[in-house]
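Let's take a walk through this protein together, from the overall fold down to a pair of packed helices. Have the structure open beside you as you read.

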Amino acid sequence: MGRWRNGSAFASHSPFASQALAERLEIAKGSEFKSRPVHISIINHIMFSINMEFVDKPEEADVILVGIPMDQGTEKRGCANAPATVRSYFDNFFFSETCGVRRVLDRGDIVEENTFECSTDKIYSKMCDLFNLKRPVITIGGNHSITFPIVKALSRFYNKIGVIHIDAHPDAQIDYYPNGDIIPNILSIPEVKKVISIGLRNWSKYESSFLEEHKVPYITMNSLIEAGIDYCVEKIKMALHGCDCIYISFDIDSIDPAFAPGTGWIEPGGLTSRQAIELVQKLAKLENVKGFDLVEINVKKDSKDMTSILGAKLIYEFSNALVIR
């Protein structure tokens, strides 16, 4: 039996919702568009596209949700508070824009251990358990170091993994504190066959050489703006052709700090919140998407929780746009 967080079923079952729908239909009848029929599908979308349903058993779930409040592995602190803060804003959204409804099993948090190495080992082990449930797993970070053990866990189940890395930076510094950046680490996993980076707008000479040497395709922020999101999604499909599993890692610094100031890495000129929402909605519809993480939300650096609220919106829209097969 599913449950609705904080009574959010109100949106679909209350007399006020029905009255609001009736008023909207009456307005439509009296407008210049009155000759246009009101389709039942529109009514269904208004009435039944409600908040995520949280369930208690894996067999009832479409999607698994987990938090990894990780601060270790970087010199900046504050990302460990993000999972709890992001979760607290799920109830802000009554309807998903794609009119999807997903049953979500929230498995709580995978908490840090005493050392970075013990923490990553624990993440790997726990994520293996979650992926074994044969459901897409959505992870709320935590910093970007969590992506490596998550993808390593996926490699237990799939032989041809494609990774979509959405970020302001290539994240390809081998000497990055303390255990190297995530892209070199991910590429060291034999089952990872393809990686593509999206939204790049600041990188070092070394990172540029790394991408060239390892033939990692990328779409800069300039190219994304010029070509448009639909074109970029088609390029992503081509780049990951043949993969039996797709994993998406979304660093919040890919979004312009005007919309997402709560990050340790402020990079002007990023995605708008609208573009970010559209991007995750469309990527969720790709075939063989098995996992998604949202990382680097730093609650301590945020303003009025606007980054956490946007993070909740991105997860909400991604989960409800997922094509469940």
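Of the 325 residues in the chain, 53% are buried. Keep in mind throughout that this is a predicted model. The chain's secondary structure amounts to 12 helices and nine strands. If you look at contacts with a sequence separation of 6 or more, 79% of them join residues that are 24 or more positions apart.

Now turn to the interior. The largest nonpolar core holds 52 residues, and I164, F250 and L314 have the most contacts inside it. Helix α12, residues 306-321, supplies the largest share of this core, with seven residues. A separate core of 36 residues lies apart from it, and its members include V55, F131, L154 and V216.

It is worth pausing at I164. Which residues does I164 touch, leaving aside those up to four places away in sequence? Its partners are I196, I198, I236, L240, I246, Y247, I248, S249, L283 and L286.

One of those partners, L283, also brings us to helix α11, which spans residues 273-283. Within this helix, A276, I277, L279, V280, Q281 and L283 are buried. What do the buried residues of α11 pack against? They meet strands β5 (161-166), β8 (245-251) and β9 (289-295), along with helices α10 (229-239) and α12.

The pairing of α11 with α12 deserves a closer look. Two packed helices are described by the angle between their axes and by the distance between those axes. Here the angle is about 25°, and the axes of α11 and α12 are 8 Å apart. Angles under 35 degrees count as roughly parallel, and α11 and α12 are therefore roughly parallel to each other. The crossing of α11 past α12 is right-handed. On the α11 side, the contact is made by S273, A276, I277, V280 and Q281. On the α12 side, the residues are L310, K313, L314, E317, F318 and A321. Notice L314 in that list: it is also one of the residues with the most contacts inside the largest nonpolar core.

Finally, a word about cysteines. A disulfide is a covalent bond between the sulfur atoms of two cysteines. How many disulfides does a search of the whole structure find? The search returns zero. As for individual cysteines, C232 counts as buried because its relative accessibility is 2%, where buried means under 20%. C118 counts as partly exposed because its relative accessibility is 40%.

Terms used. Residues are numbered from 1 along each chain as its sequence is written. This is a predicted model: local features need pLDDT of at least 70, side-chain atom pairs count only at pLDDT 80 or more; totals for chains, interfaces and linings use all residues. Side-chain values use heavy atoms; hydrogens and water are left out. A disulfide is a pair of cysteine sulfur atoms within 2.5 Å. Buried means under 20% relative accessible area, exposed over 50%, partly exposed in between (1.4 Å probe, protein chains only). A nonpolar core is a set of buried Ala, Val, Leu, Ile, Met, Phe, Trp, Tyr and Cys residues joined through side-chain atoms within 4.5 Å. Helices (H or I, at least four residues) and strands (E, at least two) are DSSP runs, numbered from the N terminus. Contact means heavy atoms within 4.5 Å. Axes are lines fitted to C-alpha atoms, for helices over the stretch in contact, and angles run from 0 to 180 degrees between N-to-C directions. Angles under 35 degrees count as roughly parallel, over 145 as roughly antiparallel, 65 to 115 as roughly perpendicular and the rest as oblique. A crossing is left-handed if the near helix is turned anticlockwise from the far one by less than a right angle, and right-handed if clockwise.
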